[in-house]
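The following note sets out comments on the model under review. The points are numbered so that each can be answered separately.

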Amino acid sequence: MTSTFKVQLQQTGETFECAADDAILRGGQRAGLGLSYDCNVGGCGSCKFELVEGEVENMWEEAPGLNPRDVKRGKLLACQCRPKADSVIKMITMDEFVPRTPPQRFTGKLEMIRDLTSDIREFRFKADNNFSTFQAGQYALLNLPGVEGGRAYSMSNVNNSDGDWEFIIRLVPDGKGTNALFKLNEGDEIEIDGPYGMAYLRTDVPRNIICVGGGSGLAPMLSIARGVAAEAGMNNVNVHLFYGGRGPADLCGEEELKALGEFGERFHYYPAVSVPEMASESGWQGFVGFVHELVRETIGEESLPDYEIYTCGPPPMINAVMQMAAVDAQVPPMQIHYDSFL
């Protein structure tokens with residue numbers, strides 16, 4: 001049986017039990033506390049904390065979420081530290097980080113694999129405890145064979161009672177996580193830990209929605225669209241899904257969006273190809289350019305503040321969307337949603 005240790009937040013006095021094999025961040029989230037985080041995998045630095053008393057194990061001392069100044073000041077990342085004794089920590093907590101559904105660790109059995117393109121594949125896992133409660137747009141950590149640490153991937157489906165967790169993932173040639181994932185066969189089992197993420201569908205917001213995705217970023221954008229279709233209170237909300245690929249062969253997601261019904265009326269799909277040579281070689285007649293440029297051309301920069309915006313994909317794409325929306329169009333920050341785990 002795994003031992004547990006008590007972790008106390010210095011500012012509030014709140015305490016939670018954290019298993020010795022669990023990250024402090026995720027232990028706090030499982031206890032329902034609003035510990036600050038974003039990527040959950042050591043890259044962003046949002047979960048920095050100070051160890052006041054006790055002892056922890058630092059699983060990744062070179063994590064990019066800490067700069068040299070942070071290291072010099074003794075800062076640590078809660079997503080990369082496990083408790084080795086009862087401890088007291090100093091860490092930012094906010095109500096917005098309180099999980100709607102406390103995350104769980106469970107075994108997922110791979111039940112279905114489906115190729116969408118030459119390097120994008122859909123996976124469906126079945127939870128051994130039938131747990132599948134999450135918000136549209138959230139992500140989970142997949143613990144894969146031969147890979148140290150969990151890898152974050154967004155779900156493409158929505159909350160359900162069948163224990164299903166579905167993911168659409170693009171193979172990264174030099175990516176340890178995706179290479180291990182793409183070697184799995186139906187019937188294989190892995191540990192899944194979730195849900196996490198703040199870029200979930202705001203079901204109480206009546207604004208129309210823009211979704212911008214690229215690569216594996218299609219998954220949460222489809223989840224958002226599917227969430228809108230399933231939510232009775234959003235039957236007047238339109239979804240505009242923009243998806244970019246290098247060439248026409250990289251594009252997918254249109255058929256899945258069509259399956260929701262009202263395609264072209266409430267649910268709209270706009271593909272973009274970014275490499276002109278690949279477009280001309282295949283006779284592509286659609287938009288050529290970066291996907292955020294297609295958003296600007298289709299919606300109009302002046303109209304962006306009227307929308308709720310969700311985005312997921314490669315960091316350069318997210319940066320371009322943020323520049324266009326937050327800086328150029330001055331969309332209020334509370335209307336722009338993304339998770340920085342890619």
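1. D21 is placed in the loop between β2 (15–19) and α1 (24–30). The model is a predicted one, and in it D21 is partly exposed, with a relative accessible area of 36%. Once neighbours within four places in sequence are set aside, the contacts of D21 are with T2, R82 and R105. From D21 to L222 the C-alpha to C-alpha distance is 33 Å, and these two residues are 201 residues apart in sequence.

2. As to the overall fold, the secondary structure of the chain consists of eight helices and 19 strands. The chain has a radius of gyration of 20 Å, close to the 20 Å that the globule rule gives for 342 residues, and it is therefore as compact as a globular protein of that length. Along the principal axes, the C-alpha atoms fill a box of roughly 60 × 45 × 40 Å.

3. Burial and contacts may be taken together. Of the 342 residues in the chain, 53% are buried. Among contacts in the chain with a separation of 6 or more, 70% are between residues 24 or more positions apart. The exposed area of the chain is about 15,400 Å², and 46% of this is supplied by carbon and sulfur atoms.

4. Strand β16 (residues 267–273) merits a separate comment. Six of its seven residues are buried, so β16 is largely enclosed by the rest of the structure. Its pairing with β15 is parallel and extends over seven bridges; within this pairing, G244 has A272 of β16 as its bridge partner. Strand β17 (residues 287–288) also runs parallel to β16, to which it is joined by two bridges. Here A272 stands opposite F287 of β17.

5. The structure contains 10 aromatic pairs. In one of them, F106 and F131 meet edge-to-face, with 5.9 Å from centre to centre and 75° between the planes. F106 belongs to strand β8 (residues 104–115), whereas F131 is in the loop between β9 (120–127) and β10 (139–143); the pair therefore ties together parts that are 25 residues apart in sequence. Both F106 and F131 are buried.

6. Which arrangement do the rings of F242 and Y270 adopt? Their centres are 4.3 Å apart and their planes lie at 15°, so the pair is stacked; the cut-off for stacking is under 30 degrees between planes. This pair links distant parts of the chain, since F242 is in strand β15 (residues 239–245) and Y270 is in strand β16, 28 residues apart. F242 and Y270 are both buried. The pair thus joins two strands that also pair with each other in the parallel sense.

7. Two further aromatic features should be recorded. One aromatic cluster is formed by Y37, F97, Y139 and Y196. In addition, R202 is positioned over the face of Y200, at 4.0 Å from the ring centre.

Definitions and conventions:
Residues are numbered from 1 along each chain as its sequence is written. This is a predicted model: local features need pLDDT of at least 70, side-chain atom pairs count only at pLDDT 80 or more; totals for chains, interfaces and linings use all residues. Side-chain values use heavy atoms; hydrogens and water are left out. Rings of Phe, Tyr and Trp (its six-membered ring) pair if their centres lie within 6.5 Å; planes under 30 degrees apart count as stacked, over 60 as edge-to-face and the rest as tilted. Helices (H or I, at least four residues) and strands (E, at least two) are DSSP runs, numbered from the N terminus. Buried means under 20% relative accessible area, exposed over 50%, partly exposed in between (1.4 Å probe, protein chains only). A charge sits over a ring if NZ of Lys or CZ of Arg is within 6 Å of the ring centre and within 35 degrees of the ring normal. The radius of gyration is taken over C-alpha atoms; the globule rule is 2.2 Å times the number of residues to the power 0.38. Contact means heavy atoms within 4.5 Å. Accessible areas come from the Shrake-Rupley method with a 1.4 Å probe; for residues, only the protein chains shown count as cover. Two strands pair if DSSP finds at least two bridges between them.
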